[in-house]
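This report describes a predicted model, moving from the chain as a whole to its helices and then to single residues. Please keep the sequence and the structure in view while reading.

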Amino acid sequence: MESAKFALVVEYNGTRYHGSQWQVGVATVQGEVERAIQSLCGETSRIMAASRTDAGVHARGQVFSFWTKKGFDTGTLVRGLNYYLPRDIKIKEAYEVDAEFNVRRDALSREYSYQIFNRKIRSPFHEVFSGFVPNVLNVDTMRDAFQLLEGEHDFVSFCPAIEKGKSTRRCVYNTEVKRQDDFVTIEIKANSFLPHQVRSTVGLLTSLGLGKIQIGKFREIFEEEQIGLAGPVAPARGLCLTRVNYAKPLGG
């Protein structure tokens with residue numbers, strides 16, 4: 001039987017995982033999905049992710065791809081993999097894709113959101129999926145500063161560490177900061193992201209929103225282009241990979 005290539009749209013609660021990418025001796029999303037594939041398909045298959053997420057980061061629209069020799073239809077594949085997967089990782093959709101499809105390289109953009117629970121008292125209901133800030137954030141100022149990042153720029157100031165020789169230029173297509181009741185949501189869409197770029201940006205925006213720095217300082221840090229200058233990153237639990245975009249629909 002000929003092999004087939006599939007793309008999986010996956011959502012997960014990243015709380016108990018050491019990121020999406022496989023690592024020796026620790027729980028990862030990739031490790032769990034590959035175990036499920038082996039249990040269902042009876043073969044070992046290495047998956048590839050569209051975007052790497054760090055320890056504790058969540059996803060609603062991560063995309064994995066893998067090869068299998070088994071002749072599954074997509075509905076059976078979704079049901080079968082979800083049977084073997086733990087409760088905090090689930091396959092939302094599956095598509096058979098062309099052999100040439102590259103889940104990472106063919107992605108045009110990725111979208112992330114960061115949720116902040118913004119009230120004086122913590123809530124046990126929002127500890128898992130939100131960062132917590134007890135003092136009121138100035139959303140309008142945060143939005144104005146965030147828009148400065150749109151376009152193609154060097155984002156090295158928002159990257160605590162980078163592999164030598166790697167480009168730190170990225171293109172940000174859209175930014176948004178909005179409030180609904182006690183929640184402040186920060187959304188960003190870009191061609192790709194540097195390690196910790198979103199959480200570092202959220203950390204600096206939070207300082208701005210609390211009045212600890214002014215928008216001129218935000219701009220100065222951004223334009224300085226000095227590695228890690230933005231400072232500490234926001235907690236991982238508030239970050240979620242919401243969507244990966246391709247030139248045409250998966251399977252289309």
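Buried residues, meaning those under 20% relative accessible area (exposed being over 50% and partly exposed in between, with a 1.4 Å probe and protein chains only), make up 49% of the 252 residues in the protein. Because this is a predicted model, local features need pLDDT of at least 70 and side-chain atom pairs count only at pLDDT 80 or more, whereas totals for chains, interfaces and linings use all residues. Residues are numbered from 1 along each chain as its sequence is written, and side-chain values use heavy atoms, with hydrogens and water left out.

**Overall form**

The protein has five helices and 10 strands, where helices (H or I, at least four residues) and strands (E, at least two) are DSSP runs numbered from the N terminus. Its radius of gyration, taken over C-alpha atoms, is 19 Å, which agrees with the value near 18 Å for a compact globule of 252 residues; the globule rule is 2.2 Å times the number of residues to the power 0.38. Along the principal axes, the C-alpha atoms fill a box of roughly 65 × 40 × 35 Å. Of the contacts (heavy atoms within 4.5 Å) with a separation of 6 or more, 73% are accounted for by residues 24 or more positions apart.

**Helices and their packing**

Helix α1 (residues 29-41) and helix α2 (residues 74-84) have axes that come within 8 Å and cross at roughly 115°, the axes being lines fitted to C-alpha atoms over the stretch in contact, with angles that run from 0 to 180 degrees between N-to-C directions. The contact is made by Ala 36, Ile 37, Ser 39 and Leu 40 of α1 together with Leu 77, Gly 80, Leu 81 and Tyr 84 of α2. By class, this contact has six nonpolar, two polar and no charged residues, where Ala, Val, Leu, Ile, Met, Phe, Trp, Tyr, Cys and Pro count as nonpolar, Asp, Glu, Lys and Arg as charged, and the others, Gly among them, as polar.

In helix α5 (residues 215-224), the buried residues are Phe 218, Ile 221 and Phe 222. Seen down the axis of α5, these buried residues fall within an arc of 100°, so they line one face of the helix; the arc is that of the directions from the helix axis to the C-beta atoms. They pack against α3 (139-146), β7 (151-154) and α4 (197-209).

The buried residues of α3 are Val 139, Met 142, Ala 145 and Phe 146. They cover an arc of only 130° around the axis, which puts them on the same side of α3. Their packing partners are β8 (169-180), β9, α4 and α5.

**Single residues**

Thr 185 is found in strand β9 (residues 183-190) and is buried, with a relative accessible area of 17%. Not counting residues up to four places away in sequence, Thr 185 touches Ser 113, Tyr 114, Gln 115, Glu 176, Val 177 and Lys 178.

Two residues with a positive phi are set out below.

| Residue | Phi | Loop | Relative accessible area |
|---|---|---|---|
| His 196 | about 65° | between β9 and α4 | 31%, partly exposed |
| Glu 225 | about 55° | between α5 and β10 (239-246) | 44%, partly exposed |

Neither His 196 nor Glu 225 is a glycine, and Glu 225 comes just after α5.
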